[in-house]
Structures are given as C-alpha cells and as structure tokens.
Amino acid sequence: MRFLFNIFICSVFFSCTHNTNSVDVQVSDKHFNQTVYLNHSDSAKYVGKQTCALCHQDIYNTFIQTGMGKSMRIAQKKFSAANFNHAVIKDEFSHLNYTMFLIHDSLYMKEYYLHNSDTAFQFIRKINYIIGSGQHTNSHLYNINGYVYQAPMTFYVQKQVWDLPPGFENGNNTRFSRKIGAECMTCHNAYPEITMGSENKYSFVPDGIDCERCHGPGSIHVNKIKNGNITDTLKDIDYSIVNPAKLSIEKQFDVCMRCHLQGNTVLKKDYTFFDFKPGMNLRDFMDVFLPRYSDSKENFIMASHADRLKQSQCFIQSFNQVKQNALKPYTNALTCVTCHNPHISVKTISHEHFIQTCLKCHHAPNKECTNKAYLSAKKSNHLNQSTDCITCHMPTSGSADIPHVSIHDHYIHIPKKNLSSKKETKKTFLGLQAINDSLPDKNTKALAYIYQYEKFDAHEYYLDSAEKILNASSINDIKTYFTTLIHLYFCKKDYIRIIKIVQNIGVTEVLNTILNKTSYNNTHAWSSYRIGEAYYQAKQYKEAELFYNKSVNLAPYILDFRNKLAVIQMINQKISFAYQNWRFILKENPFFVSAYSNLGYAKMIINEPDSAWYYYQKGLKYDLFNEPLLMNVVAYFMQQKNTLKAKEYLLIILKQNPNHTQAKQLYEFINKKSF
C-alpha cells in the first residue's frame with residue numbers, strides 16, 4: 001500500500017508539472033570531460049528536495065539527517081543542538097553581554113550593557129535561522145524584511161559552550177550587522193532567491209542543502225521520467241541528471257570543493273555564486289585561493305578538506321594511476337566519497353568503516369607504523385581511536401579559524417617525530433595559491449590579493465602585489481581592469497588616483513558605458529560607490545553625488561549606498577531627496593542606526609532640535625555605542641547647554657574607545673570651560 005501511495009503522489013505531481021520536452025542524447029562514455037549534461041542548460045530549473053523524495057524516499061530520509069541536510073533550518077528548539085541553561089557571554093572589548101533564551105519553541109537573543117550593575121541598555125532580537133548542522137556549531141541568523149544578518153552568538157557543540165562567532169572575537173564584534181551574502185548562503189544552504197541589487201536581501205531562504213547541490217537542477221530529469229524515458233543506470237549514464245560518482249575525478253572534486261574548499265574565492269568575470277553546476281569545471285566560474293606559509297603543512301582552516309586531501313600521497317598516487325585509465329577515469333580513485341557517503345550521516349557510520357577503507361590499500365600497518373597495538377586490538381575486537389590508522393595519520397586538532405572545534409586533518413601523512421623538540425620559527429608568507437586552477441588570469445590573481453587584504457589580513461604588500469600583477473600602464477589596460485583598479489586604489493585610499501583614472505577615460509563614458517551592468521555580484525555598483533567616495537574625500541560633491549546615485553540605481557537595496565547618497569544630497573542642498581532616501585532605508589530596515597543619526601543631524605542643521613532628539617533616541621534604542629551617533633548626541637546636548645549630559649555620552653564613547661581623539665579633546669574642553 002505504501003508503494004502504491006508513493007506512485008500515486010508521483011502521478012499527481014507529474015500531472016501538474018510544466019512539460020519540458022525531453023531530449024534523447026547519444027554521448028560516448030569514453031571521455032567524460034566531453035560530456036554535456038542536459039541539466040546544465042539554462043532551461044533546467046530547481047525543483048526542491050521534496051520533489052526528489054517522491055521517488056527517492058529512502059535516500060531522502062537518510063540525507064536529511066546528514067550535516068548537509070541539517071545545514072540551515074528555521075530557529076526552533078527542536079532543531080537546535082544548544083544548551084540553553086548557560087552562562088552569559090561577556091565581550092571584554094565592547095563590554096556587551098549576550099544571552100540566548102526561549103519563548104515557547106522560538107529562539108531570542110538579548111544584548112545588554114551594565115552600568116553600576118544596572119542594565120543601561122538592552123536589545124532583543126528574534127532569531128529566524130539556525131546555520132550549522134550541530135555536529136560542530138550552531139550559529140544564528142535573523143531576518144529583517146528579507147535582509148539576513150548574523151547574530152553575535154554561536155553554540156560550539158563539541159565543548160558545549162556558547163561564545164562569540166568566528167570573526168567576532170578580539171575586538172571585532174560587529175554586533176548584528178554582519179551581512180549573510182550569497183557566498184555564505186550558497187555554501188551553507190540550497191540556492192536561495194536573492195533580490196537583484198542587494199547583498200543580503202532574499203525573497204526565499206531554503207531549509208538546508210538539498211539533493212540538487214550535488215546532482216544539479218532536476219526539472220529535466222523529472223520530465224524525462226514522467227515521459228516514460230527510463231535509463232538503466234546499471235548499464236548507462238542518465239544525462240538528464242548528474243551522478244557525481246560517474247564524473248571524472250577532477251569534476252568529482254569540483255562538486256565537493258564548491259563548498260569544502262574554504263578560502264579566498266574570486267568569481268570569474270560576469271559569473272555569480274549561483275552559476276556553477278555539478279559536472280562543470282569549477283575553475284570556469286571561480287578560483288579559490290589560500291595563503292601559503294612556511295608552516296602551512298602544520299596549520300589548516302576548518303573547511304579545507306579538499307586542499308588537505310590533495311596534498312596527501314594517498315591522493316597523489318591514486319590520481320597518477322587514474323590518469324592512465326582514460327576509459328573510466330572515475331574508478332579506483334581516492335576522492336571524498338571513498339570514505340564519505342553524502343547520503344548518510346557520518347554519525348551513523350562506525351569507526352571501523354573508515355579503518356577498513358584504509359585497509360583496502362594498506363593491508364596491514366607498514367614498517368614505519370609505530371602503533372603496534374593495532375593487530376592485537378583487531379584480534380580482541382576492541383579497536384578504538386587510540387589504536388587505528390586515523391588517529392596517527394589524520395590527527396584531530398583545532399582549526400586555525402574556528403574556536404572550540406576539533407576536526408580530523410584530511411592531509412593524510414606520516415606524523416613527524418620529535419615535534420616537541422623542534423624550535424618555533426617565524427612563519428614566512430610564500431604567496432597565494434589557486435587551489436582549483438593552475439593558471440588563473442591576471443585579473444583573478446590581482447583580485448585575490450585585494451580580497452586577502454580586505455577580508456583577512458590588512459598587509460600593504462598584498463595591495464602592492466596586486467598592482468604589480470596588473471601592471472596597467474596603457475589606457476586599454478585601465479579599461480580592461482577598470483573595476484579591479486578602482487577597488488585596488490580604494491583599499492590604498494589613493495582617492496586622487498581614482499579620480500585621475502575616471503578623468504582620463506571621461507566621467508560620461510565611465511557612467512554610461514563602463515559602469516552599466518546590474519548583477520547579483522554588484523561589481524559595477526561597488527565601483528560607482530568607490531568612485532563617489534573618492535570624489536567625496538576630495539570635496540568634489542557634485543561629482544560624488546553622480547556616482548553615489550549611480551551605485552543606488554545599480555543596487556537599490558544596498559542600504560549603505562543609499563545612506564551615503566542621502567548625506568551628499570544634504571550637502572548639496574537637496575534636502576527632500578535626502579529625507580526620501582533615509583525613509584526608504586528605515587522602511588527596509590528599521591534598525592539601520594546610521595539613518596537615525598543622519599536624520600537627527602539634518603534636523604539640527606535646520607534648527608529643529610526636538611525632531612533631532614526624536615531620531616537620536618530611536619538610534620540609541622538599537623545601538624548605544626554607535627560612535628557617529630554618540631558624537632551627534634553630544635553636539636545636541638552642547639547646543640542645549642547641557643554639559644552634564646554631553647559628558648555622560650562622551651564617557652560612553654571613551655569607555656568603548658579610549659583612543660577616540662575627538663571625544664577626548666571635547667571632554668577636556670568641557671572640563672576646562674563652563675557654559
């Protein structure tokens with residue numbers, strides 16, 4: 001009866017599905033790198049994992065229990081791995097405190113600040129999504145009118161502790177403003193529907209990585225089956241859907257490396273994080289760079305599985321053998337799926353399974369293996385983690401980028417002896433390496449160094465390397481690498497150089513010809529914004545407004561662009577346009593504190609202090625430590641001759657940032673002078 005019921009469900013679904021004409025394909029299976037899968041076509045659509053479940057129920061049932069299947073879900077207690085009876089997180093740098101609590105089945109987070117043991121400030125947000133399978137971490141996201149941000153609390157499952165999320169530590173707490181953009185969302189989830197012209201606004205957010213991330217969009221396959229076109233996959237390959245096990249070894253790795261190769265990702269020109277499909281070459285869409293240091297063999301980051309595995313002799317020798325077998329390049333190769341079945345949770349796999357995988361090639365410990373307890377453990381049927389291959393050759397340790405987490409290093413190697421006696425040496429930067437592409441182009445390499453500076457380590461030599469790689473000396477070079485050069489000199493704060501580039505080409509040509517594309521990556525919108533900022537810094541406000549306006553036209557939902565446009569409109573005496581933009585921002589995101597701060601300042605300029613104080617209070621309600629807002633509040637109380645209140649808010653600034661020069665000078669001035 002269950003079988004008949006499933007067939008009935010499939011029939012109902014198929015009868016409602018748009019009829020895409022199936023195509024018969026005759027493709028040789030001798031050289032898989034020449035294969036074109038039907039679901040690589042732009043006409044192929046994603047159908048969702050529930051559709052796959054109609055015919056693949058057993059696989060679906062086990063897959064949704066895997067780390068991928070549980071990678072992103074709505075924030076309810078039943079989906080959380082966290083312990084809610086916990087101590088408060090205290091950020092010693094910002095002096096802010098955090099706690100997570102439940103109201104019925106929903107998660108809420110409270111941020112608060114204590115002054116003389118009293119709560120001087122608190123901000124509560126409902127959590128909308130849990131990101132992370134719960135094997136290592138649960139982090140938390142919230143949604144405001146489709147804009148998705150990360151909240152500043154993570155539960156670290158292995159140690160059962162709450163702490164700040166990775167990247168929020170050591171004075172880098174961005175509170176509730178870290179945007180969850182396409183790069184993050186498309187690795188931790190199935191493909192969402194992102195709003196064009198935004199960085200983090202979504203009209204649909206799925207609930208976890210789905211079948212189609214590894215198999216490609218399923219609409220053509222569904223309609224092929226509906227039309228009775230069944231392929232015997234024991235004999236032939238079904239080219240309506242990708243089976244990664246039938247791909248070449250390189251393309252198998254590309255499927256996994258799309259997300260299990262964390263690093264400095266640079267998209268190729270005009271491509272987005274949504275464009276790669278399984279069975280394609282990842283290097284055609286993006287290159288992933290990692291910095292190489294003299295100690296890179298010893299240190300690794302969390303999602304570096306593919307990079308580490310590819311450095312192993314187990315992989316290298318296997319790959320060299322596979323290259324000689326052109327007829328079936330996917331057989332007998334060491335890949336991720338040699339050990340891992342992506343349809344089954346690793347938690348349900350016995351440790352013995354992984355040991356037996358090693359023994360398929362290594363029939364017994366070799367002469368160099370010092371763990372002689374292995375054989376006796378096998379005989380006594382008491383094999384444990386202290387007596388197996390993995391403990392020595394894939395040791396567990398913390399990653400360089402995620403605290404409170406231990407993972408197996410996927411660099412399979414013979415452990416070095418006498419490590420304790422080895423003297424520590426200063427690591428040397430050797431360069432950035434594109435892990436998935438041996439020949440990245442100049443623009444891609446330059447962007448990799450710019451991103452490394454901007455996102456990871458702000459060392460000037462990264463920018464110098466980018467400039468040297470581009471070596472843009474002619475006007476043709478400047479046009480070819482225009483957006484990259486603007487990005488480079490923006491990071492260098494060389495605003496005069498940016499203006500000269502624009503003037504050499506011509507403002508009109510730059511606005512109307514070069515910066516004319518709307519895209520999910522917002523490349524041209526960002527270039528417009530950076531040029532606008534260069535003119536703003538040079539106090540050329542008319543030109544600044546032109547380029548800020550262009551950035552907003554190209555990306556209307558990047559609210560920071562619109563905020564800066566409104567500021568320049570106020571300077572240029574276009575007050576009604578500025579108000580309109582700030583109101584748009586607050587309608588989109590009522591917690592956008594800079595808009596309240598700027599609206600209050602604008603009201604002060606036109607001598608409406610009561611209205612100014614209204615907006616300042618709204619801003620302070622959501623962020624007591626926003627320095628521009630606090631300085632505006634100080635100016636308000638100075639204008640009101642209320643020096644006690646002015647000093648109170650100056651002290652808030654100085655407690656958070658003792659080196660705030662303007663606040664220190666003003667505080668000293670108030671102490672010396674009476675009003």
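This report walks through some features of a predicted model, from its nonpolar cores to its charged pairs and cysteines.

## The nonpolar cores

Let's begin on the inside. The largest nonpolar core has 65 residues, and the members that touch the most others are Trp-582 and Tyr-649. The element that gives the most to this core is helix α26, which spans residues 627–639 and supplies eight residues. There is also a second, separate core, made of 50 residues, and among its members are Tyr-449, Tyr-451, Ala-555 and Ile-558.

What does Trp-582 touch, leaving aside its neighbours within four places in sequence? On one side of it in the numbering, the contacts are Asn-563, Ala-566, Val-567 and Met-570. The others are Ala-595, Asn-598, Leu-599 and Ala-602.

## A small stop at the sheet

Now have a look at an open sheet of four strands. Its order is β2-β3-β4-β5, and the pairing is antiparallel. At the edges sit β2 (89–91) and β5 (118–126), each of which pairs on one side only. On average, neighbouring strands of this sheet are turned by 25° against each other, with direction ignored.

You can follow one of these pairings in more detail. Strand β3 covers residues 96–103, and three bridges join it to β2 in the antiparallel sense. If you want a spot to look at, find Lys-90, which stands opposite Asn-97 in β3. As a general point, strands of a sheet pair through backbone hydrogen bonds, either parallel or antiparallel.

## Two buried loop residues

Loops can hold buried residues too, and here are two to look up. Val-157 is in the loop that runs between β8 (147–156) and β9 (161–163). Is Val-157 buried or exposed? Its relative accessibility is 15%, so Val-157 counts as buried, the cut-off being under 20%. Not counting residues up to four places away in sequence, Val-157 touches Ala-81 as well as Gly-134, Gln-135, His-136, Thr-137 and Asn-138. Asn-83 is 74 residues away from Val-157 along the chain, yet their C-alpha atoms are separated by 8.9 Å.

The other one is His-660, in the loop between α27 (643–656) and α28 (661–672). His-660 has a relative accessible area of 12% and is therefore buried. Setting aside neighbours within four places in sequence, His-660 is in contact with Glu-627, Met-631, Ile-653 and Leu-654.

## Charged pairs

How many salt bridges does the model have? The count comes to 21. In general, side chains of opposite charge can pair when their charged atoms come close.

One of these pairs is Lys-268 with Asp-287, whose closest N and O atoms are 3.6 Å apart. Lys-268 is in the loop between β13 (264–267) and β14 (286–293), while Asp-287 belongs to strand β14, so the pair ties together parts 19 residues apart in sequence. Both Lys-268 and Asp-287 are buried.

Next comes Arg-497 with Glu-467, where the closest N and O atoms are 3.9 Å apart. Arg-497 sits in helix α18 (residues 495–505) and Glu-467 in helix α15 (residues 460–470), so this salt bridge ties together parts that are 30 residues apart in sequence. Arg-497 counts as partly exposed at 35% relative accessibility, and Glu-467 does as well at 26%. These two also belong to a network of salt bridges that links Asp-464, Glu-467, Lys-492 and Arg-497.

Then there is Lys-479 with Glu-509, and here the closest N and O atoms are 3.2 Å apart. This pair links distant parts of the chain, 30 residues apart: Lys-479 is in helix α16 (residues 475–480) and Glu-509 is in helix α19 (residues 507–514). Lys-479 is partly exposed at 38% relative accessibility, and Glu-509 is partly exposed at 30%.

## Cysteines without a bond

A disulfide is a covalent bond between the sulfur atoms of two cysteines. A search of the whole structure turns up zero disulfides.

Why does Cys-314 not form a bond with Cys-358? Cys-358 holds the closest cysteine sulfur to that of Cys-314, but the distance is 7.4 Å, which is too far for a bond. The cut-off for a disulfide is within 2.5 Å. Cys-314 is partly exposed, at 28% relative accessibility. Cys-392 is also partly exposed, with a relative accessible area of 25%.

Terms used
Residues numbered from 1 in each chain as written. Predicted model: local features only at pLDDT ≥ 70, side-chain atom pairs only at ≥ 80, totals over all residues. Heavy atoms only, no water. Buried < 20%, exposed > 50% of the residue type's maximum accessible area, 1.4 Å probe, protein only. Contact = heavy atoms within 4.5 Å. Core = buried A, V, L, I, M, F, W, Y, C linked by side-chain atoms within 4.5 Å. Pairing = 2+ DSSP bridges. Axes fitted to C-alpha atoms, helices over the stretch in contact; angles between N-to-C directions. Salt bridge = Lys/Arg side-chain N within 4 Å of Asp/Glu carboxyl O.
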